[in-house]
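Biologist: I would appreciate a close look at one part of this model, and a sense of how that part sits in the rest. Please take your time and keep the thread connected.

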Amino acid sequence: MSENNSMDIFVKGVWRENPVFVMLLGMCPVLAVTNSVVNALAMGLATTFVLLMSSTLISLLRKAIPKQVRIATYIVIIATFVTVVDYAIQAVSLEIYLALGAFIQLIVVNCMILGRQEAFASKNTPIKAILDALGMGVGFTFALLCLGAVRELLGNGSLLGIDLFGPKFEPWAVMILPPGGFFVLGAWLLLFAWLKDRAAARNAGKESGHVG
């Protein structure tokens, strides 16, 4: 596997096929637990760990898993690592564990994780599966942090719990409620669509200039 190919597999998940901003996967935790940067980071890291470990194991066992029971096997493997994450977060920080609530256990049914096992890990070598899982995990965590930062900033006037605007700031309470997740996600999608269109227009202008 060439260096360029390795980088392409990793970057694909981070940006070009970002699971949230491009493929719109895993929307439940994206909208529900991104009311603060800490919650967003904890959920992103937990999901990345489950995705990375599941993809590695399934890639290693891909030739031993019967095709007829592959989905059930994937779910058992994913659920095993979700249980590990569940107990680990509970041991490290009870406050974060209570804030994330049932969404930790619901990582089992995150369609991004099951989809990567079926579409990539089960058909590729462990090295490629690890790069793919890392890229998707980093991309997912990045998206959660984008939402968490804006929602905490506007909803509480703080970032990572540090007050930024002083006592006169009037927080937008809606931003830390579930509807705030929809508003902020829509704003980020609009921004990325505008950047994409601008880049396409710029490339089209360069091509027409070369032709002229």
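What follows is a question about one helix and a single long reply. At what angle do α3 and α4 pack, and how far apart are their axes?

Modeller: Happy to help, and a word on the basis comes before the helices. This is a predicted model, in which local features need pLDDT of at least 70 and side-chain atom pairs count only at pLDDT 80 or more, while totals for chains, interfaces and linings use all residues. Residues are numbered from 1 along each chain as its sequence is written, and side-chain values use heavy atoms, leaving out hydrogens and water.

Let me set the scene with the whole chain. There are eight helices and two strands in the protein; these are DSSP runs, with helices being H or I of at least four residues and strands E of at least two, numbered from the N terminus. Along the sequence the order is α-α-α-α-α-α-α-β-β-α. The C-alpha trace spans about 65 × 60 × 25 Å along its principal axes. Of the 212 residues, 38% are buried, where buried means under 20% relative accessible area, exposed over 50%, and partly exposed in between, with a 1.4 Å probe and protein chains only.

Now to your helix. Helix α3 covers residues 37-60, and α4 covers residues 70-92. Two packed helices are described by the angle between their axes and the distance between the axes. For α3 and α4 the angle is about 145° and the axes lie 9 Å apart; the axes are lines fitted to C-alpha atoms over the stretch in contact, and angles run from 0 to 180 degrees between N-to-C directions. The crossing of α3 past α4 is right-handed, a term used if the near helix is turned clockwise from the far one by less than a right angle, with anticlockwise giving left-handed.

Which residues make up this meeting of helices? From α3 come A46, F49, V50, M53, S54, L57 and I58. Their partners in α4 are Y74, I77, I78, F81, V82, V84, V85 and I89. A contact here means heavy atoms within 4.5 Å.

One residue of α3 that deserves its own visit is T47. T47 counts as buried because its relative accessibility is 1%. Beyond neighbours up to four places away in sequence, T47 touches I107, N110, M112, I113 and F140. Contacts that reach along the chain can also be viewed for the protein as a whole: among those between residues at least 6 apart in sequence, 74% join residues at least 24 apart.

From α4 the trail leads on to Q105, in the loop between α5 (94-100) and α6 (111-119). Q105 touches V82, D86 and Y97, again leaving out residues up to four places away; V82 is also one of the α4 residues that meet α3. Q105 and V50 are 55 residues apart in sequence, with 11 Å between their C-alpha atoms. At a relative accessible area of 34%, Q105 is partly exposed.

For some surroundings, look at helix α1 and its K12. K12 has 10% relative accessibility and therefore counts as buried. Its contacts, apart from neighbours within four places, are E17, N18, R116, F120, D132 and M136. After α1 (3-16), in the loop leading to α2 (27-32), you will find L24. The phi of L24 is near 55°, a positive value in a residue other than glycine, and L24 is partly exposed at 45% relative accessible area.

Further along, L160 sits in the loop between β1 (158-159) and β2 (162-163). Its phi is also positive, at about 55°, although L160 is not a glycine. With a relative accessible area of 55%, L160 is exposed.

Between β2 and α8 (178-211) comes the loop that holds M175. M175 is buried, at 9% relative accessible area, and touches R151, L154, G155, G180 and V184, not counting residues up to four places away. M175 and R70 are 105 residues apart in sequence, and their C-alpha atoms lie 41 Å apart. In helix α8 itself you can pick out W194, partly exposed at 47% relative accessibility.
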